[in-house]
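Reader: I have a new structure to look at, and I would like to go through it step by step. Could you show it to me, please?

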Amino acid sequence: MARLKAHRDTRDWLAAAFVMLLVAAGIWAAQVRSAGFISGSTAVVQLSESAPLPRNLPPAPPVEPVQYAEIAPEDAVKINAEVPFSTAPNPAARPFKLSVGGEDEARAVDCLTAAAYYEAATEGTDGMRAVAQVVINRLRHPAFPKSVCGVVFQGSERSTGCQFTFTCDGALARTPIPSLWRQAHDVAAAALTGKVYKPVGHSTHYHTNWVVPYWSGSLDKVAQVGTHLFFRWQGWWGTPGAFRGGYAGSEQPIAKMAALSPAHVGAADVQMAESDKPVSPEQLKDRGAKALKIVSPGGDAFVVVLDRKVPASQYPALALAACGQKEFCKFMGWTDPALAPKGFPIAEQAHQALSFSYLRNRSNGFEKMLWNCKEFARPDQSQCMKSS
């Protein structure tokens with residue numbers, strides 16, 4: 001019992017210390033705001049999406065993986081309640097209207113539907129609208145990808161890197177409740193045709209009040225919708241003037257969405273790497289490999305001539321099908337057969353002409369796909385090969 005009491009005392013002390021730290025951070029931010037340095041009312045009111053960029057603009061803040069302090073839910077609720085809301089103006093974001101049609105539009109709507117549903121279906125319509133607004137705010141901010149699906153599934157290829165937890169915690173395996181899915185779909189469609197949820201303003205972050213992310217003390221707390229608390233960055237990057245990023249104009253299919261969205265079924269082949277079913281060279285050619293050569297004794301490196309008629313979004317499916325369950329695999333593709341090498345080592349000129357590459361090393365958890373963005377535009381610049 002004494003040991004248990006000591007543990008509880010330690011936990012209570014840590015929780016109290018965390019409260020004091022967060023409150024102090026909030027008070028400091030409020031004082032600095034009043035001095036005109038951080039998100040002051042004048043800056044928020046005067047800056048707009050079309051205003052000139054300020055001089056000596058600092059780089060956009062880094063987007064950190066979501067990590068939570070180890071605090072009991074009941075303690076987290078108390079800690080979050082102690083953090084004051086920002087007293088600076090909280091102007092609404094401007095309307096966003098999706099400018100694409102066809103499969104790109106369908107993919108965007110379904111990705112946003114999934115975010116609204118899995119993140120906030122239990123929070124009602126307002127809760128789902130608030131989440132959808134954060135996704136759109138992120139799309140417009142230079143710190144995030146420039147497509148709806150890119151924002152929603154950012155980091156989802158890593159178990160600890162996802163920005164929206166439902167994309168990497170197995171939630172997508174749960175079949176949605178039809179009535180709530182339709183409700184989320186209506187919310188998403190409205191948000192992508194100009195409907196704005198004003199209460200969250202230009203928030204780019206949120207969390208439930210029973211957890212405490214490490215970043216929460218460094219952002220401005222601006223709204224609460226249900227159990228979700230909403231935050232914007234401090235300084236210029238949290239003002240309307242920062243939200244001027246352009247839409248990429250396309251949406252890549254997401255394999256994890258294939259069971260929920262017909263528009264994403266084209267990405268289902270990516271999941272073949274999760275099975276042990278072998279894929280024949282003939283099947284690979286059907287998927288877009290005009291010519292394929294295994295160039296290592298262990299059969300774990302490929303030089304491929306890619307079919308130009310196959311969309312670049314299908315190259316990951318081709319690479320994963322070729323690599324199967326190999327622990328190590330290198331897949332290198334060229335759309336110009338004249339520039340494709342005959343084997344290793346690969347000359348520098350051929351490297352510069354590379355169209356797509358995939359490298360996997362499961363011994364250290366590495367996996368990366370890259371496109372030649374001079375040849376194929378990508379909504380996420382982190383997917384681009386370095387140019388010389």
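Reader: Which cysteine does a disulfide join to Cys111?

Author: Happy to help! First, this is a predicted model, in which local features need pLDDT of at least 70 and side-chain atom pairs count only at pLDDT 80 or more, while totals for chains, interfaces and linings use all residues. Residues are numbered from 1 along each chain as its sequence is written, and side-chain values use heavy atoms, with hydrogens and water left out. A disulfide is a pair of cysteine sulfur atoms within 2.5 Å, and with S to S at 2.1 Å the partner joined to Cys111 is Cys149.

Reader: How many residues apart are Cys111 and Cys149?

Author: The disulfide between Cys111 and Cys149 links distant parts of the chain, with Cys111 in helix α4 and Cys149 in helix α6 (residues 148-152). Helices here are DSSP runs of H or I with at least four residues, and strands are runs of E with at least two, numbered from the N terminus. Along the chain, the separation of Cys111 and Cys149 is 38 residues.

Reader: Is the link of Cys111 and Cys149 right-handed or left-handed?

Author: Look at the angle about the S-S bond, which is 100° for Cys111 and Cys149. With that angle, their link is right-handed.

Reader: How many disulfides does a search of the whole structure find?

Author: Besides the link of Cys111 and Cys149, a disulfide joins Cys162 to Cys168, with S to S at 1.9 Å. Cys373 and Cys384 also form one, their sulfur atoms 1.9 Å apart. For the whole structure, the search gives three.

Reader: Why is the disulfide of Cys373 and Cys384 left-handed?

Author: Cys373 and Cys384 both lie in the segment after β8 (366-371), so their disulfide ties together parts that are eleven residues apart in sequence. The disulfide of Cys373 and Cys384 is left-handed because the torsion about its S-S bond is about -90°.

Reader: Is Cys384 buried or exposed?

Author: Three classes are used: buried is under 20% relative accessible area, exposed is over 50%, and partly exposed is in between (1.4 Å probe, protein chains only). Cys373 has 24%, so Cys373 is partly exposed. Cys384 has 15%, which makes Cys384 buried.

Reader: Which residues are linked with Arg107 in a network of salt bridges?

Author: Side chains of opposite charge can pair when their charged atoms come close. A salt bridge here means a side-chain nitrogen of Lys or Arg within 4 Å of a carboxyl oxygen of Asp or Glu. Arg107 meets Glu103 at 2.9 Å, N to O, and its closest N and O atoms with Asp104 are 4.0 Å apart. The network partners of Arg107 are therefore Glu103 and Asp104.

Reader: In which helix do Arg107 and Glu103 lie?

Author: Arg107 and Glu103 are four residues apart, about one turn of the helix. Arg107 and Asp104, being three residues apart, are also separated by about one helical turn. The helix that holds Arg107 and Glu103 is α4 (residues 102-120).

Reader: Which residue forms a salt bridge with Arg232?

Author: The side chains in this salt bridge meet at 4.0 Å, N to O, and the partner of Arg232 is Asp220. Arg232 lies in strand β3 and Asp220 in strand β2 (residues 220-225), so the pair ties together parts that are twelve residues apart in sequence. Arg232 is buried, and so is its partner, Asp220.

Reader: What is the bridge partner of His205 in β3?

Author: Two strands pair if DSSP finds at least two bridges between them. Strand β1 and strand β3 (residues 228-232) pair in the antiparallel sense over four bridges. In β1 (residues 205-208), His205 and His207 point one way and Tyr206 and Thr208 the other. Across in β3, the partner of His205 is Phe231.

Reader: How many residues of helix α9 are buried?

Author: Helix α9 spans residues 315-323 and is mostly covered. Its buried residues include Tyr315, Leu318 and Cys323. Just after α9 comes Gly324, with a positive phi of about 55°. As for the buried residues of α9, they number nine of nine.
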